[in-house]
Each structure stands twice: as structure tokens, then as C-alpha cells.
Amino acid sequence: MLQDYNKIEELDQETLASNENFIKDASIFLSEREGVTEAMTPKEVYEAFMEHMRYQDVNEVTAVRDLEYAQNANAEGKERFGRLIDAYDKVNEDVSGRMLWDYGAGI
């Protein structure tokens, strides 16, 4: 059985993109919150989720819409979003061009 991804102390792209539980949670979130319907590879799911969360870090509109999403979600959705937020907070990444682009676009 896969370890719950949000219970791991330090996370990175490799760990999350290879965790079926994270991919499932992030895919559902991206579908419900962003309307993403196309099939994506685990790496693409990870990158799309991280992009969304970076936008949330710097964009009040995204943050408020995520709050509304969480408030209107059922219990399972609230737990899923909580696991994803915990995981995002634990991700250890080197600064990259993609990261800087996401933050800049979010502003």
C-alpha cells in the first residue's frame, strides 16, 4: 500500500508524481476547480497542480476561489483539498524558470 503522500515529511516532484493517491487527488481537484478534462501524465498533473498553487500564493482571486471551492465541497472534497494543501506546503523544489513564470503570471 502506498504511503499517504501528505504524511511524508519532505516532498518533491518525483515523490508526488509517482504517488497514485496524490495523482488521483490532484486530478480530481484540477477537474473540479480548473475544469481540466484531458488525460495527463503524472508529471503533467503535478506541474498543473503546482502552477495552480503558485498562482494561489500570489493572486487573491485564485485564493478566494479556492476558499469558496473548499467551503462548498463535501466532506471528502474538504479532506482531499486539505491533503493537497499539506503536500504543497511540504514540497521542496529548487527555483526554476517554470516556478518564476508561474509566480509572475499569477501576479
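Glu47 comes out as partly exposed, at 23% relative accessibility. That is one end of a salt bridge with Lys43, and the model it sits in is a predicted one. Across the structure there are five salt bridges and seven aromatic pairs. Here's a quick tour of some of them, plus one helix packing and one buried threonine.

**Salt bridges inside a helix**

- Lys43 and Glu47 pair up through their side chains, with an N to O distance of 3.9 Å.
- Both residues belong to helix H3 (residues 42-58), where they sit four residues apart, or about one turn of the helix.
- Lys43 is partly exposed, with 46% relative accessible area, and Glu47 is also classed as partly exposed, at 23%.
- Over in helix H5 (residues 75-90), Arg80 and Glu76 are likewise four residues apart, about one turn of the helix.
- The Arg80 and Glu76 side chains form a salt bridge of 3.3 Å, N to O.
- The two ends of that bridge get opposite labels: Arg80 is buried, at 6% relative accessibility, while Glu76 is exposed, at 52%.
- The cut-offs settle those labels, because buried means under 20% and exposed means over 50%.
- Glu76 and Arg80 also belong to a salt-bridge network that takes in Glu32.

**A salt bridge between helices**

- Arg33 and Asp66 meet side chain to side chain at 2.6 Å, N to O.
- Arg33 is in helix H2 (residues 20-34) and Asp66 in helix H4 (residues 60-72), so this bridge ties together parts that are 33 residues apart in sequence.
- Both partners count as buried: Arg33 has a relative accessible area of 17%, and Asp66 has 1%.

**H4 against H5**

- Helices H4 and H5 pack with their axes 7 Å apart, at an angle of about 140°.
- That angle makes H4 oblique to H5, since roughly antiparallel would need an angle over 145 degrees.
- On the H4 side, the contact is made by Asp66, Tyr69, Ala70, Gln71 and Asn72; on the H5 side, by Lys78, Arg80 and Phe81.
- By type, the contact residues split into three nonpolar, two polar and three charged.
- Two salt-bridge residues turn up again here: Asp66, which bridges to Arg33, and Arg80, which bridges to Glu76, are both among the contact residues.

**Around Thr62**

- Thr62 also lies in helix H4 and is buried, with a relative accessible area of 12%.
- Setting aside neighbours within four places in sequence, Thr62 touches Arg33, His52, Tyr55 and Gln56.
- Arg33 in that list is the residue that bridges to Asp66.

**Aromatic rings**

- Out of the seven aromatic pairs, take Phe29 and Phe81: their ring centres are 5.2 Å apart and their planes are at 20°, so the pair is stacked.
- This pair joins distant parts of the chain, with Phe29 in helix H2 and Phe81 in helix H5, 52 residues apart.
- Both rings belong to buried residues, with relative accessible areas of 1% for Phe29 and 10% for Phe81.
- Phe29 and Phe81 are part of a cluster linked by ring pairs, together with Tyr5, Phe22, Tyr46, Phe49 and Tyr69.
- Two members of that cluster, Tyr69 and Phe81, also take part in the contact of H4 with H5.

Key: Residues numbered from 1 in each chain as written. Predicted model: local features only at pLDDT ≥ 70, side-chain atom pairs only at ≥ 80, totals over all residues. Heavy atoms only, no water. Salt bridge = Lys/Arg side-chain N within 4 Å of Asp/Glu carboxyl O. Helix = DSSP H or I, 4+ residues; strand = E, 2+ residues; numbered from the N terminus. Buried < 20%, exposed > 50% of the residue type's maximum accessible area, 1.4 Å probe, protein only. Axes fitted to C-alpha atoms, helices over the stretch in contact; angles between N-to-C directions. Parallel < 35°, antiparallel > 145°, perpendicular 65-115°, else oblique. Contact = heavy atoms within 4.5 Å. Nonpolar A, V, L, I, M, F, W, Y, C, P; charged D, E, K, R; others polar. Phe/Tyr/Trp six-rings, centres within 6.5 Å; stacked < 30°, edge-to-face > 60°.
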